[in-house]
Amino acid sequence: MPCIILKFDNNIKKILLSFTPKTGGTSLIKFFKSIGGEIYLHNENNKIIGLLKCPSQHFHYKILEEIYNIEKFDFSFCIMRNPIEKLKSDYLWSYRNTKDINKVLKFDNWYNKMIGGYTKNNFFFDNHIRPQHEFFGPKLSKIYKMEHGLEHITKDVFKNINLTINYKGENSFIPRENSSENFQLKIQKKDIKMSAETINSIQNIYKEDFEIWESIS
């Protein structure tokens with residue numbers, strides 16, 4: 001739930017990102033910082049993560065609405081992605097510092113462990129397992145589909161706040177952060193296998209996410 005403050009020629013814009021885990025938010029935040037943006041309620045609170053139910057950047061909409069006057073932002077948004085692809089990214093993220101392949105669970109076993117943990121504690125795994133639709137709410141200005149590209153999303157955000165910026169590259173000005181390419185184990189998404197039972201479970205548990213994701217034009 002980072003708050004982004006942009007200042008250009010005495011023109012101040014306030015943007016709210018409801019940060020759904022593994023949807024490119026870290027890359028967007030790095031971009032906003034690179035153009036002079038001030039960022040609040042992001043990873044500056046990581047030093048007290050053990051005292052929070054989840055990192056502040058991953059507070060979902062219910063908390064966000066309690067803390068912020070959302071309507072006072074110039075623009076507010078969140079990003080969703082295909083739930084299966086998101087879970088694959090969560091899977092890789094969970095093993096980002098693992099060097100021993102023997103310690104890596106098969107996806108089906110990992111998924112069952114995650115759902116079991118989420119059932120007991122909805123903030124389990126730093127709020128990564130919570131359904132994506134819980135990061136969106138009626139006061140947010142817009143919801144984006146990650147598959148449309150972070151560059152497209154960023155340009156549309158600037159369009160909505162009536163600001164322009166000169167990009168160095170047409171399709172590559174957003175840095176790639178927390179990508180599985182940088183993890184210790186070089187597991188490829190294409191190599192992740194899941195059973196029909198797991199796929200069915202994902203489709204049931206994240207049914208509303210699929211419906212919203214498919215409806216985004």
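## A tour of a helix pair and three buried residues

Begin by selecting helix H4 (residues 107-120) together with helix H6 (residues 196-205), which in this predicted model pack at an angle of about 30°, with their axes 11 Å apart. Turn the view until one helix lies in front of the other, and the crossing of H4 and H6 can be followed as a left-handed one. Next, show the side chains where the two helices meet: Phe107, Asp108, Tyr111 and Ile115 come from H4, and they face Thr198, Ser201, Ile202 and Ile205 in H6 across the contact. Coloured by character, the residues of this contact of H4 with H6 fall into five nonpolar, two polar and one charged.

From H4, follow the chain into the loop that leads to strand S5 (142-145), and select Asn127 there. Its backbone deserves a look, since Asn127 has a positive phi of about 70° although it is not a glycine. With a relative accessible area of 0%, Asn127 is buried, because that value is under 20%.

Now move to the loop between strand S2 (11-18) and helix H1 (25-34), where Lys22 lies. Lys22 is not a glycine either, yet it has a positive phi, of about 60°. Lys22, too, is buried, with a relative accessible area of 14%.

Finally, select Ser76, which lies in strand S4 (residues 75-80). Is Ser76 buried or exposed? At 1% relative accessibility, Ser76 counts as buried. To see what surrounds the residue, display Leu16, Ile70, Lys139, Leu140, Ser141 and Lys142, which Ser76 touches when residues up to four places away in sequence are not counted.

Terms used: Residues numbered from 1 in each chain as written. Predicted model: local features only at pLDDT ≥ 70, side-chain atom pairs only at ≥ 80, totals over all residues. Heavy atoms only, no water. Helix = DSSP H or I, 4+ residues; strand = E, 2+ residues; numbered from the N terminus. Buried < 20%, exposed > 50% of the residue type's maximum accessible area, 1.4 Å probe, protein only. Contact = heavy atoms within 4.5 Å. Axes fitted to C-alpha atoms, helices over the stretch in contact; angles between N-to-C directions. Left-handed = near helix turned anticlockwise from the far one by under 90°. Nonpolar A, V, L, I, M, F, W, Y, C, P; charged D, E, K, R; others polar.
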